[in-house]
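Thanks for coming. I'll show one structure and walk through a few places in it, then stop.

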Amino acid sequence: MSLTNDFILSPSLLSSDFSRLAEELAALESAGLSWVHWDVMDGRFVPNITFGPPVIKACRKESSLFFDVHLMIEEPGRFIGEFVDAGADLICVHAEAETHLERTVSLIAQSGVKAAVSLNPHTPLETIRYLLPQLSMVLIMSVNPGFGGQSFIPFTLDKVRDLRAMIDDADTDTRIQMDGGVTLENAPTLVAAGADILVSGSAFFGHPPYADRHSAFQQAVTR
Ligand code: DX5
Ligand code: ZN
């Protein structure tokens, strides 16, 4: 089954109130969001540590949102079983963190979870060309991962345009996600360049009420 073709906003919990995660998830759901983005960090691949499978699993019982799990961890293949068991709907691994990327992508897909690969800003698209038929989504990082609230790196926009052309050429159902420095102001340009799914942390959670912020993003990209 493919992901929807509609524009999706995936709020990053990195900017949410960690002491009230279940309430934040409920608030997103009642605000009409369908996805939520989990930024898992290990203190090795990125210089920051967040949460892991036990926290996601505990929250899974509290939410029916689509759990978009972004693994910023070294050798993510070691933990796919744990994240599948925790209730991830999509697992995104970094190409730079995995030597045997095809094996890890196959493992995710065989587990019945959507498989995605993320590329750091400087990582060439060529890395994932031959994996596109297996990928539900490619994540183009528009900041160096590790922290919320950073500024968008402009050249990543060209990368999205090139990826859109590569996907059209390969004729696959792969969706394009952008993550990092997304704002209400740059969202229309990112979608026009070919992004289908935008992650937003600080530009979303810093601006309640969530239903209004969600509508503002929707309106900005459909103008
Ligand atoms: C960065 C994370 C992003 C981050 C986005 O390492 O992968 O998901 O939370 O935050 P903003 O939208 O504030 O740049
Ligand atoms: Zn992320």
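**Loops, fold and ligand site**

Let me begin with proline 209, which is placed in the loop between α7 (202–205) and α8 (210–222). The peptide bond that joins proline 208 to proline 209 is cis, with omega at about 0°. Bear in mind that this is a predicted model.

A second loop to look at is the one between β3 and α3 (80–86), where glutamate 75 lies. Phi of glutamate 75 is near 45°, so we have a positive value in a residue that is not glycine.

Now the chain as a whole. There are eight helices and eight strands in the protein chain. Its radius of gyration is 16 Å, and the globule rule gives 17 Å for 223 residues; the two are close, so the chain is as compact as a globular protein of that length. If you want the extents, the C-alpha trace spans about 40 × 40 × 35 Å along its principal axes.

On to the ligand. Where does ligand 1 sit? It sits in the largest pocket. The shell around ligand 1 has 20 residues, and the closest are Asp39, Gly146, Gly149, Asp179 and Ser202. By class, that shell divides into seven nonpolar, eleven polar and two charged residues.

Which strands each supply at least two residues of the shell? They are β2 (35–41), β3 (66–72) and β8 (197–200). The largest share, three residues, comes from β2. You have already met β3 in this talk, at one end of the loop that holds glutamate 75.

Next, some individual contacts, each to an oxygen atom of ligand 1. For serine 12, a polar side-chain atom lies 3.0 Å from a ligand oxygen. Glycine 146 makes its approach through the backbone, with an N or O atom 2.7 Å from an oxygen of ligand 1. Glycine 201 also uses a polar backbone atom, and here the distance to a ligand oxygen is 2.8 Å. As for cover, ligand 1 on its own has 380 Å² of accessible area, and the protein covers 99% of it.

To recap the two spots in loops: the cis peptide bond between proline 208 and proline 209, and the positive phi at glutamate 75. That's it from me.

Note on methods:
Residues numbered from 1 in each chain as written. Chains lettered and ligands numbered in written order. Predicted model: local features only at pLDDT ≥ 70, side-chain atom pairs only at ≥ 80, totals over all residues. Heavy atoms only, no water. Near = heavy atom within 4 Å. Polar contact = N/O pair within 3.5 Å; in protein donor to acceptor, adjacent residues only side chain to side chain. Areas by Shrake-Rupley, 256 points an atom, 1.4 Å probe, with all protein chains shown as cover. 1 Å grid on protein atoms, 1.4 Å probe; cavity = no way out; pocket = protein on both sides within 12 Å on 5 of 7 lines; lining within 4 Å. Sits in = over half its atoms within 2 Å of the grid points. Helix = DSSP H or I, 4+ residues; strand = E, 2+ residues; numbered from the N terminus. Nonpolar A, V, L, I, M, F, W, Y, C, P; charged D, E, K, R; others polar. Rg over C-alpha atoms; globule rule 2.2 N^0.38 Å.
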